[in-house]
Amino acid sequence: MGLLKIIKKTKEREKEMRLLILGLDNAGKTTILKKFNGEDISQISPTLGFNIKTLSYNGYKLNCWDVGGQQTIRSYWKNYFEQTDGLIWVVDSTDKARLDDCKKELQNLLKQEKLIGATLLIFCNKQDVPKSLSLQQIREYLELDLIQTRHWGIIACSAVTGDGLLEGIDWIVTDISSRIFMMS
């Protein structure tokens with residue numbers, strides 16, 4: 001029995017997934033994680049390292065790694081890629097000035113060997129804010145339709161109101177489970 005098969009069987013038994021939440025600073029990564037976990041979001045500080053939360057969702061154990069997005073921290077992202085089943089990329093839909101950085105960082109992530117095979121979910125956050133970019137505008141700007149090497153989805157959301165978060169988590173969990181967990 002190969003190592004990959006052993007890992008898949010172990011994950012199947014535990015129904016465990018590792019999700020890596022990345023994006024530029026101030027995109028709302030920590031707020032999304034806290035909101036989904038039912039925690040208070042009234043005071044969120046910038047993540048200078050990482051936060052780990054283990055959530056239960058529909059019988060699955062989700063190990064969520066929320067890593068800071070400041071430019072000085074991004075070079076350390078690679079330390080968190082190992083055994084990632086799903087990558088959640090959070091975009092600040094109001095930050096038009098940094099869309100080039102956002103696109104560049106996402107494209108760099110998609111080239112990482114250790115993330116090959118990870119499902120990609122793009123959360124277009126802050127959709128509740130007036131004049132935020134639409135889902136379609138972000139999709140076009142980030143050239144998401146050119147991604148052909150992995151499963152991906154894009155969801156409009158608001159970390160503050162919670163809109164779209166459940167839909168996004170449901171989508172990524174369903175996609176990962178259809179690929180990882182073998183039928184008995």
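This section describes strand β5 and its neighbours, the loop residue L144, and the aromatic rings of a predicted model.

Strand β5, which comprises residues 119-125, is largely enclosed by the rest of the structure, because seven of its seven residues are buried. The side chains of a regular strand alternate between the two faces of the sheet. In β5, T119, L121, F123 and N125 point one way, whereas L120, I122 and C124 point the other way, and the residues of both sets are all buried.

On one strand pairing, β5 is joined to β4 (residues 86-92) by seven bridges, and the two strands run parallel. Within this pairing, I88 has L121 of β5 as its bridge partner, and L121 belongs to the set that points the same way as T119, F123 and N125. The connection between these strands involves helix α3 (residues 99-110), and β4, α3 and β5 together make a right-handed β-α-β unit. A further pairing links β5 with β6, again in the parallel sense, over five bridges; here C124 stands opposite A156 of β6. With helix α4, strands β5 and β6 likewise form a β-α-β unit that is right-handed. Strand β5 thus takes part in both units, as the second strand after β4 and α3 and as the strand listed before α4 and β6.

The loop between α4 (135-141) and β6 (152-156) contains L144, a residue that counts as buried because its relative accessibility is 0%. When residues up to four places away in sequence are left aside, L144 touches L106, I122, R139, W152 and I154. Of these contacts, I122 is a residue of β5 that points the same way as L120 and C124. By contrast, the C-alpha atoms of L144 and L62, two residues that stand 82 residues apart along the chain, are separated by 25 Å.

Turning to the aromatic residues, the structure holds five aromatic pairs, and ring pairs link F50, W65 and Y80 into a cluster. The ring of W65, a member of that cluster, also lies beneath the charged end of R18, which sits over the ring at 4.5 Å from its centre. A second arrangement of this kind involves K103 and Y141, with the charged end of K103 sitting over the ring of Y141 at 5.5 Å from the ring centre.

Note on methods
Residues are numbered from 1 along each chain as its sequence is written. This is a predicted model: local features need pLDDT of at least 70, side-chain atom pairs count only at pLDDT 80 or more; totals for chains, interfaces and linings use all residues. Side-chain values use heavy atoms; hydrogens and water are left out. Rings of Phe, Tyr and Trp (its six-membered ring) pair if their centres lie within 6.5 Å; planes under 30 degrees apart count as stacked, over 60 as edge-to-face and the rest as tilted. A charge sits over a ring if NZ of Lys or CZ of Arg is within 6 Å of the ring centre and within 35 degrees of the ring normal. Helices (H or I, at least four residues) and strands (E, at least two) are DSSP runs, numbered from the N terminus. Buried means under 20% relative accessible area, exposed over 50%, partly exposed in between (1.4 Å probe, protein chains only). Contact means heavy atoms within 4.5 Å. Two strands pair if DSSP finds at least two bridges between them. A crossover is right-handed if, with the strands pointing away from the viewer, the path from the first strand over the helix to the second runs clockwise.
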